[in-house]
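Q: Please go through the ligand site and the backbone exceptions of this model, with the criterion behind each term.

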Amino acid sequence: MVGKIKGTGSYRPVQVWDNDKLSHMMETSDEWIRGRTGIGQRHIASQGETVAYMAARAAGEALRDAEVRPEEIDLILVSTMSSERIMPCAACEVQKLIGATGATCFDLNSACTGFLLALNTAQAYLGQHIYKRALVIGAEVLSNLTNWQDRSTCVLFGDGAGAVVLEAEEDAVYIQATHSIGKGGDALTCTSRNQPEFVEKGTNLSATYMQMDGKEVFKFAVSKVPEVIFEVLEKAGKTKEEIRFYMLHQANQRIVSSVAKHMKEPLEKYPMNIERLGNTSSASIPLLLDEWKKRGKLNPGDWIVLSGFGGGLTYGASLMRW
Ligand code: UT7
């Protein structure tokens, strides 16, 4: 027994910054950003649009979509690396905001692969018959971790949240493959602001913002994502042609195109919304799922592959029947 996605939801901050706005803030251009990444705009959280607030809004929508009451939820998992509060965890704040009084709540951080790993974690609980219904949420306010003086990273990221309701079902199918490469971790870093050496001595403040070796991360993504997708297809005994959609973490349009090319699959099978949302880290996959569901593009019985990759380094793919 595993879980099936019964409902999806999302929240996008009200404020939208397009590339032209950024080009007035720093030495950059719409042409450079679109050409290198496919990003045209991103949503930026305002005061009050916290990780927990956005996660709760996305969760509320997912519950309504699934026709599940908050009290029926047994587990709330929030994947985030940008929560404003370390304690209580965002999942407990979500519980309070939506009234899911019976749920066990915790957060999980594995950067951009976090949502996929949270989904796997929830599936493990459901598979062991420990819980029946879970809310799995990816929520990020990356604009708080972004160094707005560093044009090589700040143009990439956006804020938002996506959620799914997972319910244990006899005939549900979910197969996963995941990997981590800790020795490659320095390619994408962000140090806690609570570290005294940064706060008191004021040294290397830039380390408290996201730092990235873009080229290394790009190379890692385009080589490992196809590899892990083929791994999960093999585990499931499925061919690439049987898959309706490959829903990849939205880090860069060129990464998605390169994966499609590498897999010799048509680009139409790789949904993208990075043009409108930028890279929202662990929120990107549930945001994409919710958008495709609302657009009526997902039909019962469709085989879907999700794939996440990013800081850690971490990566993985999961195959499910919609
Ligand atoms: O979700 C987490 C995972 N993250 C990723 O997957 C990101 C993976 N990496 C990438 O997507 C790409 O490496 C980037 C989009 C970040 C960068 O693309 P690139 O083709 O690797 O560019 P680059 O860093 O080599 O920079 C090329 C040039 C440099 O100028 P010079 O040295 O050639 O004169 C940069 O200074 O572009 C310059 N540049 C910019 N110019 C205008 C860097 N950022 C900007 C900018 N606007 N925002």
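Q: What makes the second largest pocket the place where the ligand sits?
A: A molecule sits in a pocket if more than half of its atoms lie within 2 Å of the pocket's grid points, and the ligand sits in the second largest pocket. A pocket is an open set of points on a 1 Å grid over the protein atoms alone, with protein on both sides within 12 Å along at least five of seven lines. The model is predicted: local features need pLDDT of at least 70, side-chain atom pairs count only at pLDDT 80 or more, and totals for chains, interfaces and linings use all residues. Residues are numbered from 1 along each chain as its sequence is written, and side-chain values use heavy atoms, with hydrogens and water left out.

Q: Which residues are the closest of those that surround the ligand?
A: The criterion is a heavy atom within 4 Å of the molecule. The ligand is surrounded by 22 residues, and the closest are Thr28, Arg36, Lys215, Asn252 and Asn279.

Q: Why is the ligand said to lie between domain 1 and domain 2?
A: Domain 1 (2-172) and domain 2 (175-321) both give residues to the shell, so the ligand lies between them. The bounds come from an automatic or database domain assignment.

Q: Which helix supplies the largest share of the shell?
A: That is α8, with four residues. Helices are DSSP runs of H or I with at least four residues, and strands are runs of E with at least two, numbered from the N terminus.

Q: What makes the pair of Asn252 and the ligand a polar contact?
A: A polar contact is a pair of N or O atoms within 3.5 Å. A polar side-chain atom of Asn252 lies 2.6 Å from an oxygen atom of the ligand. For Lys215, a polar side-chain atom lies 2.7 Å from a ligand oxygen atom.

Q: What is unusual about the backbone?
A: Most residues other than glycine have a negative phi, and most peptide bonds are trans. Glu67, not a glycine, has a positive phi of about 55°. The peptide bond from Met87 to Pro88 is cis, with omega near 0°. Gly312 and Leu313 are also joined by a cis peptide bond, with omega about -10°.

How values were computed. Polar contact = N/O pair within 3.5 Å; in protein donor to acceptor, adjacent residues only side chain to side chain. 1 Å grid on protein atoms, 1.4 Å probe; cavity = no way out; pocket = protein on both sides within 12 Å on 5 of 7 lines; lining within 4 Å.
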